[in-house]
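Here are my comments on the model, set out point by point. Please read them with the coordinates open beside the text.

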Amino acid sequence: MISAVKKTRGSKGNNHRNHAVTKKNISLKSFKRKSWDEYFMSIAELVAERSTCERRNVGCVLVRDKRIVATGYNGAPAGVRHCYEVGCIRGRMGVASGERHELCRGVHAEQNAIIQAATFGVDMSGAVCYTTHQPCFICTKMLINARVKKIVYQEGYPDRLAIAILKEARIPCVKLQ
């Protein structure tokens, strides 16, 4: 059984001191608490809602010691018109997903999270990267150099080079089921 605190009205403005404790019949067996991986991935999904990419909405959360140190989503650099305003260059050129990243006008979610951490002087060493999509090769190299210790992703991405270099760097890259 879980105890719940119920506020009761106090006199003379002392509302914060007068609480009545009531018991609720909540079975602990039916209570489903998210794992840390699920929790931080949920936040990455929320961050992805800020994305301005026409092809894929990606969110990234960098976490160290179970504390969020930075977030990022994919979109155009600050002060530059967004893809939804000017259209997708890669789409117009017929570039397949996972190829020719340099043609993208947007900054990737993982890159934006690393930039945010660096801008505020936050050390990312030993952080876990939670990202809605497997990082591309460019983001993977940046995450390796930022000394991220693990990557957890939700959706795959067609980039075999990224997976190969993570194996070589001995950094686990785990798909969240």
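1. Where is the place of A78? In this predicted model, A78 sits in the loop between β4 and α2 (83-86). The residue is exposed, with a relative accessible area of 79%, and its C-alpha atom is separated by 9.7 Å from that of V107, although the two are 29 residues apart along the chain.

2. On the overall make-up, the protein has 6 helices and 7 strands, and reading along the sequence gives the pattern β-β-α-β-β-α-α-α-β-α-β-α-β. Of its 177 residues, 34% are buried, while the protein exposes about 11,400 Å², of which carbon and sulfur atoms supply 51%. Among the contacts with a separation of 6 or more, 50% are accounted for by residues 24 or more positions apart.

3. Helix α1 (residues 36-48) can be checked against its expected length: at 1.5 Å a residue, its 13 residues should span 18 Å, and the end C-alpha atoms are indeed 18 Å apart, which agrees. Its buried residues are F40, M41, I43, A44, V47 and A48. Seen down the axis of α1, these buried residues fall within an arc of 155°, so they line one face of the helix. They pack against β3, β4 (67-73), β5 and β6.

4. Helix α5 (residues 137-145) deserves a parallel reading, with C139, T140 and L143 as buried residues. These cover an arc of only 100° around the axis, which puts them on the same side of α5. The cover over the buried residues of α5 includes β3 (59-64), α4 (109-119), β5 (128-133), β6 (150-155) and α6 (160-169). After the helix comes R147, whose phi is positive, near 65°.

5. Turning to the interior, the largest nonpolar core has 17 residues, of which C60, L62, M124, C129, L143, V148 and I151 touch the most other members. At least two residues of this core come from each of β3, β4 and α4, and the largest share, 4 residues, is supplied by α4. For M124, leaving aside residues up to four places away in sequence, the residues touched are L62, R64, I114, A117, A146, R147 and V148. There is also a second, separate core of 10 residues, which includes F40, M41, V63 and V128; of these, F40 and M41 are also among the buried residues of α1.

6. How many disulfides does the structure hold? The structure holds 0 disulfides, and the distances around C83 show why for two of the cysteines. The sulfur of C53 is 5.7 Å from the closest cysteine sulfur, in C83, which is too far for a bond, given that a disulfide needs the two sulfur atoms within 2.5 Å. C88 is likewise in no disulfide, with the nearest cysteine sulfur, that of C83, 6.1 Å away. As for their surroundings, C53 is partly exposed, with a relative accessible area of 23%, whereas C88 counts as buried at 16% relative accessibility, the cut-off for buried being under 20%.

Note on methods. Residues numbered from 1 in each chain as written. Predicted model: local features only at pLDDT ≥ 70, side-chain atom pairs only at ≥ 80, totals over all residues. Heavy atoms only, no water. Buried < 20%, exposed > 50% of the residue type's maximum accessible area, 1.4 Å probe, protein only. Arc of directions from axis to C-beta. Contact = heavy atoms within 4.5 Å. Expected span 1.5 Å × (residues − 1). Core = buried A, V, L, I, M, F, W, Y, C linked by side-chain atoms within 4.5 Å. Areas by Shrake-Rupley, 256 points an atom, 1.4 Å probe, with all protein chains shown as cover.
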